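Hi,

Here is the structure I said I would pass on. Have a look at it first, and then read my notes underneath.

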Amino acid sequence: MHTTRTRKSVVSERGPIHPVVAKLAAGACAGVCGQTVSYPLDTIRRILQVQDLKAEGHKDAIRYSGMIDAATRIVRTEGPGALYRGILPNYIKVIPSVSISFLAFENAKEALTRSLTDEGV
């Protein structure tokens, strides 16, 4: 059995991009997209977790009955940007983390695929 391999490459206006750089960029994009989608839910979770701590000693502290109540009241009073407060430090953490994880996964997958293909499995 004969197999031919083609190397996938990303081409920019300046020429081909190194596969490692392309994989790191893909991982960074995936991390940013994932955090952008999930961050508002994480913000609401944190607010609900600390609301009882804030309420101690403050009889006029804001109390939310659940996620929907918290989300609607926060957006209504502070605007939708309030759900994304603090996302920049999170991006600084997520971009290198997900990029490196994605690169490691893709390289391991390629190595295993190559190994199994060479063995004829």
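The protein chain has three helices and two strands, and from the N terminus on they come in the order β-β-α-α-α. Bear in mind that this is a predicted model, so a word on confidence before the rest.

The mean pLDDT of the protein chain is 86, with 82% of its residues at 70 or more. Helix α2 (residues 67-78) has the highest confidence, at a mean of 95, while strand β1 (residues 10-12) has the lowest, at 58. Over residues 1-6 the pLDDT is below 50, and beyond near neighbours in sequence that stretch has four contacts in the model. Where pLDDT is low, the predicted coordinates should not be read in detail.

Now the inside. Of the 121 residues in the protein chain, 20% are buried. The largest nonpolar core has seven residues: Ile 44, Tyr 64, Ala 70, Ala 71, Ile 74, Ala 82 and Leu 83. Helix α2 gives the most to this core, with three residues. As a general point, nonpolar side chains in soluble globular proteins tend to be buried together.

Tyr 64 is a good place to start clicking around. Leaving out residues up to four places away in sequence, Tyr 64 touches Ile 47, Leu 48, Gln 51, Asp 69, Ala 70, Arg 73 and Ile 74. Two of those contacts, Ala 70 and Ile 74, are also listed in the core.

Then there is Thr 43, which lies in helix α1 (residues 19-55). Is Thr 43 buried or exposed? Its relative accessible area is 5%, under the 20% cut-off, so Thr 43 counts as buried. With the same sequence neighbours left out, Thr 43 touches Ala 82 and Leu 83, and both of these belong to the core.

On the outside, the protein chain exposes about 9,200 Å², and carbon and sulfur atoms supply 63% of that. Leu 41, Met 67 and Ile 68 make a nonpolar surface patch of about 330 Å². Ile 68 sits in helix α2, and with a relative accessible area of 67%, over the 50% cut-off, Ile 68 counts as exposed.

One last number on the fold: among contacts between residues at least 6 apart in sequence, 62% join residues at least 24 apart.

Cheers

Key. Residues are numbered from 1 along each chain as its sequence is written. This is a predicted model: local features need pLDDT of at least 70, side-chain atom pairs count only at pLDDT 80 or more; totals for chains, interfaces and linings use all residues. Side-chain values use heavy atoms; hydrogens and water are left out. Helices (H or I, at least four residues) and strands (E, at least two) are DSSP runs, numbered from the N terminus. Buried means under 20% relative accessible area, exposed over 50%, partly exposed in between (1.4 Å probe, protein chains only). Contact means heavy atoms within 4.5 Å. pLDDT is the predictor's confidence in each residue, from 0 to 100. A nonpolar core is a set of buried Ala, Val, Leu, Ile, Met, Phe, Trp, Tyr and Cys residues joined through side-chain atoms within 4.5 Å. Accessible areas come from the Shrake-Rupley method with a 1.4 Å probe; for residues, only the protein chains shown count as cover. Patches are made of residues with over 30% relative accessible area and no salt bridge: like charges are joined within 9 Å, nonpolar side chains (Val, Leu, Ile, Met, Phe, Trp, Tyr) within 5 Å. A salt bridge is a side-chain nitrogen of Lys or Arg within 4 Å of a carboxyl oxygen of Asp or Glu.
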